[in-house]
Amino acid sequence: MTTDRQPALAGAVLDDIDARPGSATSLARTVLGAYVRDLGGWIAIADLTELLALLDVPAQSTRTAITRLKGRGLLTSENRYGRAGYALTDAALAMFERGDSRIFGFRQMAAGDAWRLLSFGIPESERAARHQLRRRLSSIGCGTVSAGLWIYPEYLAAEAAAIVAALELDAYVTSFRAIDPIVPGTLREAAARWWDLDDLAARHRSFYARHRDILDDLDDRNAFARFTPILDEWRIIPYIDPGLPEEMLPADWPGPASVHLFAEARQRYLEPSRRWVRALVDKMR
């Protein structure tokens, strides 16, 4: 029999792993993280609606997305400058800061880098929390060795520990630092069992194919319209890709090509995009 205890889902588990890239909610979240934070964490309703309209999000869809993001604890209503608007919550700001190192600084293991093993035995009475733990570990790039044993690069240890703590499962979890895993067969074969590398490779290839031919010189307004969907699609990939070492990946691994493509898009478009958003908002104040 399961309990009615609701684990604390603040902090590490606030990160949005559900919104489908390209959806109104996902695009709104991306705009908040990339641009509204740059404005000081507040934006007028009308300005946010205008920004999303440039991304082909209708006003009604924007209202629905805002309602969802408020329900998830990312936004709170706040009036400034005589205008109705929304402010990012402290939890949202912390979430976006955590995301920066992932999204804009892709991490890659080298041969000999340390691993972390996480072992847990969670009773049936905590079944809901156990499900959330597995789901959240998967969402940050952890691999499944067996039902109660997960593996991930050592540099993900703090993120995994924060998830365990937020779900109040510390009493059931033990972790170990490891250097040289010994596996049946090869490490490449083990990685294919522990992670869904086919799905991950497909995401990299899809991203690269969709955006490889669209990097050109644009004015600030069109830089925003071009870069935001790129960022919105990309931001999921560095979470589910743990950055495995080369010897554990297939020979034709597509990751480096998409990582390079996003880095180039960021260098070309991010600052012009922010410059245009700042000018738009300043004009209305």
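Is T30 buried or exposed, and at what relative accessibility? T30 has a relative accessibility of 3% and therefore counts as buried, since the cut-off for that class is under 20%. The model discussed here is predicted. The protein comprises 11 helices and 7 strands, and this briefing treats its overall dimensions, the surroundings of T30, and the strand pairing around β4 and β6.

**Overall form**

- The protein has 285 residues, for which a compact globule would have a radius of gyration near 19 Å; the value for the protein is 20 Å, which agrees with that expectation.
- The C-alpha trace spans about 60 × 50 × 25 Å along the principal axes of the protein.
- Of the 285 residues, 46% are buried.
- The exposed area of the protein is about 13600 Å², of which carbon and sulfur atoms supply 51%.
- When contacts between residues at least 6 apart in sequence are considered, 80% of them join residues at least 24 apart.

**Surroundings of T30**

- T30 lies in helix α1, which covers residues 24–36.
- A polar contact links the side chain of T30 to the side chain of D232, at 2.6 Å.
- Leaving aside residues up to four places away in sequence, T30 touches Y35, T228, L231, D232 and R235.
- D232 thus appears both as the polar partner of the T30 side chain and among the residues that T30 touches.

**Pairing of strand β4**

- Strand β4 (residues 115–120) runs antiparallel to strand β6 (residues 149–153), and 5 bridges join them.
- Strand β4 is also joined to strand β7 (residues 173–178), again in antiparallel fashion, by 6 bridges.
- L117 has a bridge partner in each of these two strands: I151 in β6 and F176 in β7.
- S119 stands opposite L149 in β6.

**Strand β6 and its hairpin**

- Strand β5 (residues 143–146) is joined to β6 by 3 bridges, and the two strands run antiparallel.
- A hairpin of 2 residues leads from β5 to β6.
- The bridge partner of S146 in β6 is L149, the residue that also stands opposite S119.
- β6 therefore has bridges to β4 and to β5.
- β6 is mostly covered, with 4 of its 5 residues buried.

Key: Residues numbered from 1 in each chain as written. Predicted model: local features only at pLDDT ≥ 70, side-chain atom pairs only at ≥ 80, totals over all residues. Heavy atoms only, no water. Pairing = 2+ DSSP bridges. Buried < 20%, exposed > 50% of the residue type's maximum accessible area, 1.4 Å probe, protein only. Polar contact = N/O pair within 3.5 Å; in protein donor to acceptor, adjacent residues only side chain to side chain. Contact = heavy atoms within 4.5 Å. Rg over C-alpha atoms; globule rule 2.2 N^0.38 Å. Areas by Shrake-Rupley, 256 points an atom, 1.4 Å probe, with all protein chains shown as cover.
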